[in-house]
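Trainee: Got a minute to go through the aromatic rings in a structure with me?
Mentor: Sure, put it up and ask away.

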Amino acid sequence: MPERSLLGIVARTAYWIEWWHRFGPASGNDPKLKDPFGRYVITTFVKGTNMTFAEAARHIAGVTGHELSIAARRHATTAKLNEAITDVVNAHAQLDMSRAWGSGTTAAADGTHMDTYLDNLLAETSVRYGAVGGIAYHHVSDLYIALFTHFVPCGVWEAVYIIEGLLKNTSEVQPTTVHADTQGQSYPVFSLAYLLGIDLMLRIRNWKDLLFFRPSRTTRYEHIDALFGEVGRNVIDWSLIETHFKDLMRVTVSVREGAISSTLLLKRLRSGSRRNATYTAFREVGRVIRTVQLLRYLSDAPLRGRVTAATNKVEAFNGFSDWVRFGQRGTVCEFSSVLR
């Protein structure tokens, strides 16, 4: 295959897919630019590579930093950018080559640290990475393309965003199975995902610390009974689930219809909410689902291989994202630079 430049790739996809038509002034009127195609393509390239407008003007003939700045601030918003991304995802899904990698029914979610300046409202010092910045939380399809990205503070448990990314994905690629690592799970997350029809299958570390729950106090298992701990303990409270099942479904429908943000809901359904009846019901359902998923993971070697392959895809995307974001040594100055 012939060698292509990044700017050339952006220009070609813009010409073929016409995603650049998504951009324009807030009024909806004609952009009144001499060359809107060229201006939007260059602006997208500059923001995607994390360059400054002044740097771009020095190296790209025919544009000034002021012109690019106006195009970015007045003609491109997060909503318009997500619409353009949806166009690219839909076009990618129609390629024969993409179907050689997967079916589009699964996705993987993972976060990667991004350096930012200290005087940033979203910046925090990450204990895990030992640097100031934030977390770009990506949902990557098995077709090797990112569907949605959140930029979240370092101190937030990543699991609360794993469902929100799937709900906000408006492309034709709609995964029904999502993979992640230990950061992508909790009892309420398992519960909400199951009620929304999402199969949450994770690669979790430190198995010795996990609890398996019995369906009743009298249940015994011949070979795996030790996984469930002491007999009579770690038992599912089915009566609690039955009592609050209507409440769970009411909350789930509200999340699906957009009346409640899944991120806000999962932030509230924390371990500190044990007196909250909704939390206890979500937790109990989550215990059932996680126990079943862990047993599936243990007993199905091909499934473990698929989970590992899916999580490796999102890790590969994180590496690709770092390579593309070469401007300013990878330090993000604005939120829009995080979105592909």
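Mentor: Let's talk through the ring pairs and then a charge over a ring, keeping in mind that this is a predicted model.

Trainee: How many aromatic pairs are there?
Mentor: The count comes to nine aromatic pairs.

Trainee: Take Trp19 and Phe23, why is that pair edge-to-face?
Mentor: Their ring centres are 6.0 Å apart and the planes sit at 75 degrees, so the pair is edge-to-face; the cut-off for that label is over 60 degrees.

Trainee: And are those two buried or exposed?
Mentor: Trp19 is buried, with a relative accessible area of 4%. Phe23 is buried as well, at 10%.

Trainee: Which residues form a cluster with them?
Mentor: Tyr40 joins in: Trp19, Phe23 and Tyr40 form one aromatic cluster.

Trainee: OK, switching to Phe320 and Trp323. What's the geometry there?
Mentor: That aromatic pair is tilted, with 6.1 Å centre to centre and 35 degrees between the planes.

Trainee: Where do they sit along the chain?
Mentor: Both are in helix H13, which covers residues 301–324. Phe320 and Trp323 are three residues apart in that helix, so about one helical turn separates them.

Trainee: Buried or exposed, those two?
Mentor: Phe320 is partly exposed, with a relative accessible area of 46%, while Trp323 is exposed at 55%. The line for exposed is over 50%.

Trainee: New topic: which residue lies over the face of Tyr187?
Mentor: That's Arg287, at 5.7 Å from the ring centre of Tyr187.

Terms used:
Residues numbered from 1 in each chain as written. Predicted model: local features only at pLDDT ≥ 70, side-chain atom pairs only at ≥ 80, totals over all residues. Heavy atoms only, no water. Phe/Tyr/Trp six-rings, centres within 6.5 Å; stacked < 30°, edge-to-face > 60°. Buried < 20%, exposed > 50% of the residue type's maximum accessible area, 1.4 Å probe, protein only. Helix = DSSP H or I, 4+ residues; strand = E, 2+ residues; numbered from the N terminus. Lys NZ or Arg CZ within 6 Å of the ring centre and 35° of its normal.
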